[in-house]
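Grab a coffee and work through these exercises with the structure open beside you. Each task is followed by a worked solution.

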Amino acid sequence: MSAEVRAEGGHGAVPVEGVATGTPTPTRASRRDWPLWEVFVRGRRGLAHTHVGSLHAPDATMALRNARDVYTRRQEGVSLWVVPAAAITASSPDERDPFFAPAADKAYRHPTFYEVPEGVQHL
Amino acid sequence: MSAPARVESSAPVDQPATGAGTTAATVQYLLRLGDDALVLAQRLGAQLTRAPQLEEDVALANIALDLLGQARPLLARAGELEGRGRDEDALAFLREERDFLNCQLVEQPDVDFAGTIARQLLFSCYQLPLLQALTTSADEVLAGVAGKGVKEVAYHRDHAVQWTLRLGDGTEESSRRMQAALDRLWPFAAELFESDDLVRSLAVRGVAVDPASVRPRWDADVDAVLAEAGLARPSSVRVATGGRRGLHTECFGYLLAEMQHLARSHPGATW
């Protein structure tokens, strides 16, 4: 595998080389100096946090506040997580076949052989 | 735009048995509070696309819209009590500069991001305890706006505090700019706490809150933030005042021209 790839910006695996990452340089105040954070929102109690996007922020505290402003303006959430994008290790497109293709023909892994009783929701 | 503020107060609402003098005073008081929120909303809204980050654009715009949402019911209530048929739009867009009763702090222009944050810090540290006290106002609209605004302004203050800490305790440049912004805006802070006969008489009736009463809390809050951020409390003795009597700084005319020109050029225009 050639260049290292990570999940950045919510777009799946992208190259890291030559791209701004989470090491701020104090000399210049450009957008590239702020690390990228992935944002997860819990819609309501009982649901899992779901990835909604990413943003730039100077640190974790400000990332949470930015996430509140950017992603929960319309009452989308009751809880927020922010994770440094650089902390996420992502699968790469090169590994797609060995990772995911073998599952395609294994129908027995899907719960399709059960009769769902009437009235059962969220299945 | 937004739904009317919900009344969250258990304060007595059987207030309109008051005299015409009190009603006129209440109108003035509502205009003071409403104009503060309206003018600051206009300033912050103008920062959209000019903040250092896209995320900060959204943050400032959210704060601006919160403030606009506070201004609207306050101005509408003022127009209703005034009884001259002026609605919130007429009060916002058709009044002259001398009719605006906002404090001079909120009209001060945005020189840089540190200035925006400093203005926000000084104002929200004042507005939060004021609204907290106003949640029990005898005027039900005022109490409702305050009840809704407390949560909003708690966030405005937190946002300003977080940025003050980072700019004050950041780089040499950010610290220098933050201190300069505080020094520049400090003379306008004293006006926030000025009380006069009007506000004292309304405070006795349970409608208003004497702004002087929130000064100790403001001093403590601001001092704590400045100390943690490594910033010096400005020692300025110059005090700028007059906004509550309709006297404004030079920049305010330009703000009004921009804010009002569309409504005046196209009377009655709607989206």
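## Exercise 1: A loop residue in chain A

Gln75(A) sits in the loop that links helix 1 (60-71) and strand 5 (79-84) of chain A. Keep in mind that this is a predicted model.

**Task.** Work out whether Gln75(A) is buried or exposed, and look up its phi.

**Solution.**
- Step 1: Gln75(A) has a relative accessibility of 76%. The cut-off for exposed is over 50%, so Gln75(A) counts as exposed.
- Step 2: phi of Gln75(A) is positive, about 60°, although the residue is not a glycine.
- Step 3: put that in context. Most residues other than glycine have a negative phi.

## Exercise 2: The layout of chain A

**Task.** Find the pattern of helices and strands along chain A, then describe its burial and its contacts.

**Solution.**
- Step 1: count the elements. Chain A has two helices and five strands.
- Step 2: put them in order. Along the sequence they run β-β-β-β-α-β-α.
- Step 3: check the burial. Of the 123 residues in chain A, 26% are buried.
- Step 4: look at the surface. Chain A exposes about 8900 Å², and 54% of that comes from carbon and sulfur atoms.
- Step 5: look at the contacts. Taking those in chain A with a separation of 6 or more, 45% join residues 24 or more positions apart.

## Exercise 3: Helix lengths in chain B

**Task.** Check the spans of helix 2 and helix 4 of chain B against 1.5 Å a residue.

**Solution.**
- Step 1: helix 2 of chain B covers residues 54-82, which is 29 residues. From first C-alpha to last it reaches 41 Å, close to the expected 42 Å.
- Step 2: see what comes next. Gly83(B) follows helix 2 of chain B and has a positive phi, near 70°.
- Step 3: helix 4 of chain B has 22 residues, so it should span 32 Å; its end C-alpha atoms are 30 Å apart, which agrees.
- Step 4: look at the loop before helix 2. Thr49(B) lies between helix 1 and helix 2 of chain B. Its phi is near 75°, positive in a residue other than glycine, and Thr49(B) is exposed at 65% relative accessible area.

## Exercise 4: The nonpolar core

**Task.** Which residues touch the most other members of the largest nonpolar core, and which helix gives the largest share of this core?

**Solution.**
- Step 1: the largest nonpolar core holds 90 residues, and Tyr29(B), Leu134(B) and Trp218(B) touch the most other members.
- Step 2: helix 4 (residues 113-134) of chain B provides the largest share of this core, 13 residues.
- Step 3: compare with the burial of that helix. In helix 4 of chain B, 20 of the 22 residues are buried, leaving the helix mostly covered.
- Step 4: zoom in on Tyr29(B). Setting aside residues up to four places away in sequence, its partners include Leu134(B), Leu142(B), Leu198(B) and Val209(B).

## Exercise 5: Two crossing helices

**Task.** Decide how helix 1 and helix 9 of chain B are oriented relative to each other.

**Solution.**
- Step 1: recall the description. Two packed helices are described by the angle between their axes and the distance between the axes.
- Step 2: helix 1 (residues 20-45) and helix 9 (residues 251-265) of chain B pack at about 80°, with axes 11 Å apart.
- Step 3: angles of 65 to 115 degrees count as roughly perpendicular, so helix 1 of chain B is roughly perpendicular to helix 9 of chain B.
- Step 4: find the residues that meet. Helix 1 of chain B supplies Leu38(B), Val39(B), Gln42(B) and Arg43(B), while the helix 9 side has Cys251(B), Phe252(B), Leu255(B), Glu258(B) and Met259(B).

## Exercise 6: Three buried residues

**Task.** Place Thr26(B), Val27(B) and Thr164(B), and list what they touch beyond four places in sequence.

**Solution.**
- Step 1: Thr26(B) is in helix 1 of chain B and is buried at 1% relative accessibility. Thr26(B) contacts Leu81(B), Asp139(B), Leu202(B) and Val207(B).
- Step 2: Val27(B) also lies in helix 1 of chain B and is buried at 8%. Val27(B) touches Ala78(B), Leu81(B) and Glu82(B).
- Step 3: Thr164(B) belongs to helix 5 (residues 140-168) of chain B and is buried at 0%. Its contacts include Ile117(B), Leu121(B), Met178(B) and Leu231(B).

How values were computed
Residues are numbered from 1 along each chain as its sequence is written. Chains are lettered from A and ligands numbered from 1 in the order in which they are written. This is a predicted model: local features need pLDDT of at least 70, side-chain atom pairs count only at pLDDT 80 or more; totals for chains, interfaces and linings use all residues. Side-chain values use heavy atoms; hydrogens and water are left out. Helices (H or I, at least four residues) and strands (E, at least two) are DSSP runs, numbered from the N terminus. The expected span of a helix is 1.5 Å times one less than its number of residues. Buried means under 20% relative accessible area, exposed over 50%, partly exposed in between (1.4 Å probe, protein chains only). Contact means heavy atoms within 4.5 Å. Accessible areas come from the Shrake-Rupley method with a 1.4 Å probe; for residues, only the protein chains shown count as cover. A nonpolar core is a set of buried Ala, Val, Leu, Ile, Met, Phe, Trp, Tyr and Cys residues joined through side-chain atoms within 4.5 Å. Axes are lines fitted to C-alpha atoms, for helices over the stretch in contact, and angles run from 0 to 180 degrees between N-to-C directions. Angles under 35 degrees count as roughly parallel, over 145 as roughly antiparallel, 65 to 115 as roughly perpendicular and the rest as oblique.
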